[in-house]
Amino acid sequence: MAGVCAGIAGCAGYDPGPLKPGDSEAAVVARMGPPTERVRRDGGERLVYARGPMGQHTWMVELGSDGRVGRIYQALEPARLAAVKPGMS
């Protein structure tokens with residue numbers, strides 16, 4: 001039983017859960033762990049959380065120059081992927 005509880009607790013940070021705009025980078029890392037990639041952009045930073053088997057989930061956490069969450073989104077949503085066109089960078 002202890003192993004099952006530990007396994008469930010280990011999955012608690014798979015997604016952003018209660019994180020919201022205005023939260024600190026420290027809150028993001030406490031919830032989701034270290035990002036799989038960091039990308040500097042427009043005075044802020046994007047934290048990338050590639051999750052799941054076979055790359056089915058990738059969460060993006062956009063941080064402003066103040067280190068606070070601006071937005072959080074699932075990068076691999078079907079509508080987002082359908083918007084990708086040949087020739088886009």
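Let's start with valine 48, which stands opposite methionine 60 in strand E3. Keep in mind that what you see above is a predicted model. Valine 48 brings us to strand E2, which covers residues 44-51 and is joined to E3 by seven bridges. The two strands run antiparallel.

How many residues sit between E2 and E3 in their hairpin? There are five, and in that turn you'll find glycine 52, with a positive phi of about 80°.

Now look at the other partner of E3. Strand E4, residues 69-74, runs antiparallel to E3, and five bridges join them. Here valine 61 stands opposite isoleucine 72 in E4. E3 and E4 also form a hairpin, with five residues between them. The glycine to find in this turn is glycine 67, whose positive phi is about 80°.

So we have E3 paired with E2 and with E4. Is E3 mostly covered or mostly open? E3 is residues 57-63, and six of its seven residues are buried, so mostly covered is the right description.

That leads nicely into the core. The largest nonpolar core has nine residues. They are Leu19, Val28, Met32, Leu47, Tyr49, Trp59, Val61, Leu63 and Val69. Which elements give two or more residues to this core? Those are H2, E2 and E3, and E3 gives the most, with three residues.

If you'd like one residue to click on, try valine 28. Leaving aside residues up to four places away in sequence, valine 28 touches Leu19, Gly33, Leu47, Tyr49, Val61 and Val69.

Let's move from nonpolar residues to charged ones. Side chains of opposite charge can pair when their charged atoms come close. The count of salt bridges in this model comes to nine, and I'll walk you through three of them.

Take aspartate 23 and lysine 20. Their side chains meet in a salt bridge, at 3.0 Å from N to O. Is aspartate 23 buried or exposed? Its relative accessible area is 14%, and the cut-off for buried is under 20%, so aspartate 23 counts as buried. Lysine 20, at 46%, is partly exposed.

Next come glutamate 25 and arginine 38, which form a salt bridge with their closest N and O atoms 2.8 Å apart. This pair links distant parts of the chain: glutamate 25 is in helix H2, residues 25-32, while arginine 38 is in strand E1, residues 37-41. The two are 13 residues apart. Glutamate 25 is partly exposed, with a relative accessible area of 24%, and arginine 38 counts as partly exposed too, at 41%.

Glutamate 25 and arginine 38 also belong to a network of salt bridges, in which they are linked with Arg40 and Glu45.

The last pair takes us back to E3. The side chains of arginine 41 and glutamate 62 meet in a salt bridge, 2.9 Å from N to O. Why does this pair tie together separate parts of the chain? Arginine 41 lies in strand E1 and glutamate 62 in strand E3, so the parts being tied are 21 residues apart in sequence. Arginine 41 counts as partly exposed, at 32% relative accessibility. Glutamate 62, by contrast, is buried, with a relative accessible area of 9%.

To pull this together, keep your eye on E3: E3 pairs with E2, pairs with E4, gives the most residues to the largest nonpolar core, and holds glutamate 62, the salt-bridge partner of arginine 41. Thanks for listening!

Definitions and conventions. Residues numbered from 1 in each chain as written. Predicted model: local features only at pLDDT ≥ 70, side-chain atom pairs only at ≥ 80, totals over all residues. Heavy atoms only, no water. Buried < 20%, exposed > 50% of the residue type's maximum accessible area, 1.4 Å probe, protein only. Helix = DSSP H or I, 4+ residues; strand = E, 2+ residues; numbered from the N terminus. Pairing = 2+ DSSP bridges. Salt bridge = Lys/Arg side-chain N within 4 Å of Asp/Glu carboxyl O. Core = buried A, V, L, I, M, F, W, Y, C linked by side-chain atoms within 4.5 Å. Contact = heavy atoms within 4.5 Å.
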